[in-house]
Amino acid sequence: MENTIITGHKNPDTDSICSALSYAYIKTRLGAKVTACRAGKVNPETQFVLDYWKVSAPELVEKVEEGQNIILVDHNEMAQAVDGLDKANLLEIIDHHRLGGIVTANPLLVRMQPVGCTATILYNVAMENKVDLPKEIAGLLFSAISSDTLYFKSPTTTEKDKEAAGALAKIAGIADPQGYALDMLQAGSAINSMTADEITHGDMKEFDFPQGKVTVAQVNVMDGEKAKAKWPELQKSLQAMVDKGEADTTLLMVTDIMDEVTELLWAGKNKDILDKAFGQAEADGHYHLPKVLSRKKQIVPPLTDAFKG
């Protein structure tokens with residue numbers, strides 16, 4: 001049986017890593033030969049999760065060979081996918097984002113649902129196929145849901161996410177789900193322990209628009225005021241990305257989880273489009289966005305509409 005790799009997107013977040021590991025477990029239990037992989041570096045939040053549940057990070061794969069069987073989780077856009085995907089044999093996509101335009105030569109299984117997290121879909125896949133989840137896999141899936149929904153604060157949260165997380169917390173034996181989730185989010189909000197380049201390239205996704213390539217990165221913080229000290233370095237990093245030709249427009253969401261506000265830093269072209277998407281910029285040029293927590297639901301849609309003109 002030929003091996004199939006399961007991977008999330010470049011610059012992986014907790015959902016991307018945990019979903020790859022969890023779906024590999026589910027598929028293996030169903031008789032498939034698969035390997036969980038990752039398309040980038042593990043971030044601090046995800047490392048906290050892996051250490052807590054004593055699970056090794058997936059194998060790093062930066063480029064896939066021609067004809068390699070592959071399953072994508074947590075993304076479906078070529079710009080976000082591992083290099084070489086265009087020549088690989090794509091078998092499945094399990095995702096919760098917008099459709100991103102991947103074209104395939106062969107039919108494939110696609111399961112996309114408007115929920116807050118890919119891990120929610122995978123929990124239901126396991127239940128539908130009567131796959132019992134061990135404690136550590138349930139812990140990974142619970143962590144992913146808590147991360148992507150900011151422990152249910154994000155507007156992407158659905159009842160399906162809450163139901164899945166509740167069931168997974170019980171399986172994993174998490175006595176204080178909220179306490180665990182906040183500890184995890186705190187680990188991921190260590191903005192001053194990361195370099196500016198690590199932050200602007202960390203949880204980053206690329207989007208191709210007719211007016212040019214746009215990157216949207218996000219870092220969560222627990223204290224937005226303290227995080228402001230890092231802004232000048234972050235702004236320089238965003239500008240350096242433009243200067244090096246990495247993108248035409250670079251954006252960074254500095255999201256204060258506790259106050260539920262995003263400060264959107266940016267560099268490059270298309271200010272008129274950003275104004276159209278997010279309103280009037282502040283005096284220093286950034287966008288102050290109260291109640292904005294989700295890149296998927298509150299940043300990408302208005303940005304896409306604005307680029308369409």
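**Exercise 1. Cysteines**

Determine how many disulfides this predicted model contains.

Solution. The count comes to zero disulfides, the criterion being a pair of cysteine sulfur atoms within 2.5 Å. Take Cys18 first: the nearest cysteine sulfur belongs to Cys117 and is 8.5 Å away, and Cys18 is in no disulfide. For Cys37, the nearest cysteine sulfur is that of Cys18, 15 Å away, and Cys37 is likewise in no disulfide.

Next, classify Cys18 and Cys37 as buried or exposed.

Solution. Buried means under 20% relative accessible area. Cys18 has 0% relative accessibility, so Cys18 counts as buried. Cys37 has a relative accessible area of 2%, and therefore Cys37 is buried too.

**Exercise 2. The surroundings of Asn76**

Locate Asn76 and list what its side chain reaches.

Solution. Start with the position: Asn76 lies in the loop between β4 (69-73) and β5 (89-95). With a relative accessible area of 4%, Asn76 is buried. Then look at the polar partners. The side chain of Asn76 makes a polar contact of 2.7 Å with the side chain of Asp95. The side chain of Asn76 also reaches the backbone nitrogen of Gly100, at 2.5 Å. Finally, set aside the neighbours within four places in sequence; the contacts of Asn76 then include Ile93, His97, Arg98, Leu99 and Met112.

**Exercise 3. The sheet and its edge strand β11**

Give the strand order of the sheet that contains β11, and describe how β11 is paired.

Solution. The sheet is open and has five strands, in the order β7-β8-β9-β10-β11, with mixed pairing. Its edge strands are β7 and β11, each of which pairs on one side only. Neighbouring strands are turned by 20° against each other on average, direction ignored.

The pairing of β11 comes next. Strand β10 (residues 261-268) and β11 are antiparallel, with four bridges between them. Two residue pairs can be read off: Thr262 has Leu289 as its bridge partner in β11, and Val261 has Pro290.

Now sort the residues of β11 by face. In a regular strand the side chains alternate between the two faces of the sheet. For β11 (residues 287-290), the covered face holds Tyr287 and Leu289, while the uncovered face holds His288 and Pro290.

**Exercise 4. Helix α11**

Describe the ends and span of helix α11, then identify what covers its buried residues.

Solution. Begin with the span. Helix α11 (residues 295-308) has 14 residues, and the distance from its first C-alpha to its last is 18 Å, close to the 20 Å expected at 1.5 Å a residue.

Consider the ends. At the start of α11, a side-chain oxygen of Ser294 comes to within 3.3 Å of the backbone nitrogen of Lys296. After α11 comes Gly309, with a positive phi near 85°.

Then take the buried residues, which are Arg295, Ile299, Val300, Leu303, Thr304, Ala306 and Phe307. Their cover includes β7 (204-209), β8 (212-221), β9 (249-256), α10 (271-278) and β11.

Technical notes:
Residues are numbered from 1 along each chain as its sequence is written. This is a predicted model: local features need pLDDT of at least 70, side-chain atom pairs count only at pLDDT 80 or more; totals for chains, interfaces and linings use all residues. Side-chain values use heavy atoms; hydrogens and water are left out. Buried means under 20% relative accessible area, exposed over 50%, partly exposed in between (1.4 Å probe, protein chains only). Two strands pair if DSSP finds at least two bridges between them. The expected span of a helix is 1.5 Å times one less than its number of residues. Contact means heavy atoms within 4.5 Å. A polar contact is a pair of N or O atoms within 3.5 Å; within protein, one must be able to donate a hydrogen and the other to accept it, and residues adjacent in sequence count only if both atoms are side-chain atoms. Axes are lines fitted to C-alpha atoms, for helices over the stretch in contact, and angles run from 0 to 180 degrees between N-to-C directions.
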